[in-house]
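Open the model in your viewer and keep the selection panel at hand. We will go stop by stop.

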Amino acid sequence: MMENIAEVHVGVILDVKSPVGSVANACIPMAISDFYAAHPNFRTRLSLHHRNSDDALAAAFTALELIDKEEVDAIIGPQTSKQARFVIDVGKKAQVPVISYSATSPSLSPTQNPFFVRIALDDSTQAKAITAIVQAYGWHEVILIYEDTEYGSDLIPYLAHEFQQVDIRVSSRFSISPNDSKFRILKKLNKVMAMQTRVIVVHMSSSFGSKFFFLAKDVAMISEGYVWIITDGLSSLLDPMGVKDIGSMQGVLGIRPYIPQSKGLKNFKRKWKSRIHSSSTKLNIFGYWAYDTIWALAKAVEMIPQESSSVNGENHHRNTSQFPVIKVSKRGKMILNGLLKTKFKGLSGDFSLVGGQLQASTFEIINVIDNEEKVIGYWTLENGLTRKPDKAKNGKSMSKYELKPPIWPGNTKDIPRGWTTPIGGKKLKIAVPHKPGFEAYLKVARDPYTKEFIITGFSHDVFEEALALLPFPVPHKLIPFSIGPNVGTYDELLSYVKNQTYDAAVGDITILANRSQYVDFTLPYLQSDVSMVVKIKDDESNNMWIFLKPLSWDLWLTTGVA
């Protein structure tokens with residue numbers, strides 16, 4: 001019976017020294033063993049050809065070598081988005097599906113790259129969950145800090161868009177290169193410290209993120225008053241980090257894809273503990289996705305008609321005599337079609353590809369406490385925030401009470417305000433008209449002792465009350481502007497606002513069409529229209545003798561005499 005088994009060659013490109021590559025390198029052989037133990041009668045077998053690569057260009061040449069020499073019909077595992085971009089181009093020319101369980105950049109779209117399959121979540125799917133957390137705690141401004149790579153920068157537009165939808169302002173964005181020196185990173189952290197926003201969203205890879213948070217702790221930014229939220233690039237790989245690294249992230253919130261508990265997952269974890277003896281290789285979600293990738297590919301390969309041959313010798317593309325021939329796979333497209341139709345219960349949950357990639361359903365929200373990550377709640381597209389992932393509710397919830405109370409940086413349970421008054425920060429210069437007039441509306445006087453101006457009145461009170469309603473402080477200074485003959489006019493005052501000599505103006509300033517062309521006005525809170533004073537006339541509609549009014553007394557008298 002063994003003679004009838006057909007081998008299908010598959011290339012595997014990993015960086016075995018990375019946390020993602022090392023766990024995938026351990027999970028893939030287990031997946032092969034478990035799958036064919038569960039399906040002994042299958043007529044096909046995957047024959048894996050492993051290659052190690054930690055560079056994007058090297059990954060592309062490795063893919064060419066696998067297609068040319070090993071005649072592979074599929075390639076698994078370009079780990080980074082940068083590597084995947086190069087390998088996808090090779091796969092497209094050879095019509096070989098490129099299957100990645102870790103290239104999560106939104107710019108890599110399976111719909112635009114038909115031979116690319118992502119058995120992972122697109123990074124952009126977490127943007128709504130992060131926004132829901134910020135909105136639930138009532139914060140109105142955030143700072144985005146991200147890794148200056150393709151992986152880091154691709155998520156930022158999606159985050160900014162989701163924040164904008166719920167009126168959350170991105171006050172600043174800071175990109176930090178993994179090649180930056182410690183001094184350059186500290187310099188950017190000092191700029192963040194000088195700002196009044198204290199809610200910071202960080203999107204980085206695990207290797208660079210651990211280094212970043214270690215420096216943030218050194219400058220006392222993992223302390224009371226700060227809010228740190230990390231994306232799944234860090235949250236999903238906290239476990240492989242050392243105690244020293246995770247110890248610098250106390251009080252941090254994070255989100256990561258939720259893996260539902262199942263019998264298969266429990267059995268796998270038991271086998272993992274018995275087979276894997278290296279303490280440096282720890283399970284993470286990328287291991288589950290790599291495992292499910294093998295199962296999905298093995299099922300797809302079994303769907304191929306038995307008479308189909310492998311790679312032919314057709315020259316698809318040749319640039320020079322030294323450039324290797326890119327052979328075209330006859331089975332690649334059939335494997336791709338089978339993969340897109342495959343559905344089963346995997347380690348990571350229900351396996352089903354939509355648009356060439358996994359679809360997000362639930363994220364779990366974690367809180368780093370005492371060198372461990374503890375789940376404090378969940379977010380689903382249908383229910384919003386919730387304490388249980390399978391809890392059905394009427395409508396979405398955006399309340400912080402749906403989450404367990406987290407421990408914030410500084411080991412406190414008090415919810416941070418999300419802002420602070422910046423030390424030495426610039427104050428807004430607010431011009432106030434100074435002229436004789438109705439003092440109950442606006443009065444500018446000088447203190448005889450301190451010689452400082454004292455500003456009072458209804459207009460001033462409205463301005464101060466409006467500032468008090470804002471969820472952040474607005475340092476400002478009121479500056480009188482003299483109005484009168486040979487001194488200044490209202491138009492001149494507004495021209496100074498236009499050229500930014502003053503940041504704003506408060507007072508009895510009439511809204512006119514020509515003024516609205518160069519400054520913005522608030523909605524009017526006091527009418528100043530021209531009015532007419534008239535004498536009040538009594539309403540006689542309720543007078544019982546009103547029926548006598550239509551006729552004059554002379555007419556009534558004549559009628560009576562007649």
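Start with Glu 71, which is partly exposed, with a relative accessible area of 29%. This is a predicted model. Now add Lys 327 to the selection. Lys 327 is buried, at 17% relative accessible area. Glu 71 and Lys 327 form a salt bridge, and their closest N and O atoms are 3.7 Å apart. Zoom out to see where the two partners sit. Glu 71 is in the loop between α2 (56-69) and β3 (74-76). Lys 327 is in the loop between α12 (285-302) and α13 (332-341). The pair links distant parts of the chain, 256 residues apart.

**Next selection: Asp 34 and Lys 271**

Which parts of the chain does this pair link? Lys 271 belongs to helix α11 (residues 263-275), and Asp 34 belongs to helix α1 (residues 19-38). They are 237 residues apart, so color the two helices separately to follow the link. Their salt bridge has its closest N and O atoms 3.2 Å apart. Is Asp 34 buried or exposed? Asp 34 has a relative accessible area of 10%, so it counts as buried. Lys 271 is partly exposed, at 32%.

**Next selection: Lys 345 and Asp 350**

Here the side chains meet in a salt bridge, at 3.3 Å from N to O. Turn on the surface. Asp 350 is exposed, with a relative accessible area of 62%. Lys 345 is exposed too, at 56% relative accessibility. Then pick Arg 51, Glu 65 and Glu 70, which salt bridges with shared partners join into one network. A search of the whole structure finds 18 salt bridges.

**Next selection: the eight-strand sheet**

Hide the side chains and switch to ribbons. What is the strand order in this open sheet? The order is β7-β6-β8-β9-β10-β14-β15-β16. The pairing is mixed. Go to the edges: β7 (169-176) and β16 (384-386) each pair on one side only. From one strand to the next, the twist averages 25 degrees.

Now isolate β8 (residues 199-203) and β9 (residues 227-230). These two strands run parallel, and four bridges join them. Show side chains for one pair here: Ile 200 stands opposite Trp 228 in β9.

**Next selection: helices on the sheet**

Bring back α4 (residues 127-136). This helix lies across β6 (141-147), β8, β9, β10 (253-257), β14 (362-369), β15 (372-380) and β16. Look along β10: α4 runs at about 150 degrees to that strand. Then add α6 (residues 156-165). Helix α6 packs on the sheet and touches β6, β7 and β8. The direction of α6 makes about 170 degrees with that of β6.

**Last selection: α7 and α8**

Select α7 (residues 182-193) with α8 (residues 206-218). How do their axes cross? The axes come within 10 Å and cross at roughly 60 degrees. The crossing is right-handed. Now show the contact side chains. From α7, pick Lys 182, Ile 185, Leu 186 and Leu 189. From α8, pick Phe 208, Lys 211, Phe 212, Leu 215 and Ala 216, which the α7 residues meet. Color the contact by residue type: seven are nonpolar, two are charged and none is polar.

Notes. Residues are numbered from 1 along each chain as its sequence is written. This is a predicted model: local features need pLDDT of at least 70, side-chain atom pairs count only at pLDDT 80 or more; totals for chains, interfaces and linings use all residues. Side-chain values use heavy atoms; hydrogens and water are left out. Axes are lines fitted to C-alpha atoms, for helices over the stretch in contact, and angles run from 0 to 180 degrees between N-to-C directions. A crossing is left-handed if the near helix is turned anticlockwise from the far one by less than a right angle, and right-handed if clockwise. Contact means heavy atoms within 4.5 Å. Ala, Val, Leu, Ile, Met, Phe, Trp, Tyr, Cys and Pro count as nonpolar, Asp, Glu, Lys and Arg as charged, and the others, Gly among them, as polar. A salt bridge is a side-chain nitrogen of Lys or Arg within 4 Å of a carboxyl oxygen of Asp or Glu. Buried means under 20% relative accessible area, exposed over 50%, partly exposed in between (1.4 Å probe, protein chains only). Two strands pair if DSSP finds at least two bridges between them.
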